[in-house]
Amino acid sequence: MIEVTSKGFLTLPVTARRHSLEPLGVSTGGPMDAIHSLLANRLVGNPDDAALLEAAFLLPGLRFSDSLAFAVVGGLNNVVLLRGGEKVSLPAKQTLFAQPG
């Protein structure tokens, strides 16, 4: 499980675009950056249309309760992860692994 500890700025949970209600005037929704959302899901082994968090300008703070793979993609060059109270800089656009806490 992932706990959001700080919201960041403009962070939203998103799913794949849905076209079935378009004829009724309902927006398709979905991620702003479909290519990077596809990349993120593939990096961690999720289905292409799996839900994800999309953030703009400032990333949210997240706490992981389980060991799991995650990815941060988009315009970033690196990500700062806290491991055992120590800041670790990790490259973006790769599969990353979090430990509980």
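**Asn41**

I started with the side chain of asparagine 41, which reaches the backbone oxygen of alanine 50 at 3.1 Å. This is a predicted model, so I take the distance as a property of the prediction. Asparagine 41 sits in helix α1. I looked up its exposure next: asparagine 41 is buried, at a relative accessible area of 2%. Then I listed its neighbours, leaving out residues up to four places away in sequence. Asparagine 41 touches Asn46, Pro47, Asp48, Asp49, Ala50, Ala51 and Leu52. Alanine 50, whose backbone oxygen the side chain reaches, is thus also on the contact list.

**Helix α1**

I widened the view to the helix, residues 34-43. Which residues of α1 are buried? I found Ser37, Ala40 and Asn41. Seen down the axis, the buried residues of α1 fall within an arc of 95 degrees, so they line one face of the helix. The spacing fits what I know of helices: with 3.6 residues a turn, residues three or four places apart point the same way. On the other side of α1 I noted Ile35 and Arg42, both exposed. What covers the buried face? Part of the cover is β3, residues 52-54. After the helix comes glycine 45, with a positive phi near 80 degrees.

**Positive phi outside glycine**

I then checked phi in other residue types. Most residues other than glycine have a negative phi. Leucine 10 has a positive one, near 55 degrees. I placed leucine 10 in the loop between β1 (2-6) and β2 (12-14). Buried or exposed? Leucine 10 is exposed, at 51% relative accessible area. The cut-off for exposed is over 50%.

Lysine 93 also has a positive phi, near 60 degrees. Its loop runs between β7 (86-91) and β8 (96-98). I read 36% relative accessibility for lysine 93, which counts as partly exposed.

**Nonpolar patch**

Last, I looked at the surface. Which residues make the nonpolar patch? Ile2, Val4, Leu53 and Leu62 do, over about 320 Å². I followed one of them, isoleucine 2, into strand β1. Isoleucine 2 is partly exposed, with a relative accessible area of 42%. I also noted that β3, which spans 52-54, helps cover the buried residues of α1, while Leu53 belongs to the patch.

How values were computed: Residues numbered from 1 in each chain as written. Predicted model: local features only at pLDDT ≥ 70, side-chain atom pairs only at ≥ 80, totals over all residues. Heavy atoms only, no water. Buried < 20%, exposed > 50% of the residue type's maximum accessible area, 1.4 Å probe, protein only. Helix = DSSP H or I, 4+ residues; strand = E, 2+ residues; numbered from the N terminus. Arc of directions from axis to C-beta. Contact = heavy atoms within 4.5 Å. Patch = residues over 30% accessible without salt bridge, like charges linked within 9 Å, V, L, I, M, F, W, Y side chains within 5 Å. Areas by Shrake-Rupley, 256 points an atom, 1.4 Å probe, with all protein chains shown as cover. Salt bridge = Lys/Arg side-chain N within 4 Å of Asp/Glu carboxyl O. Polar contact = N/O pair within 3.5 Å; in protein donor to acceptor, adjacent residues only side chain to side chain.
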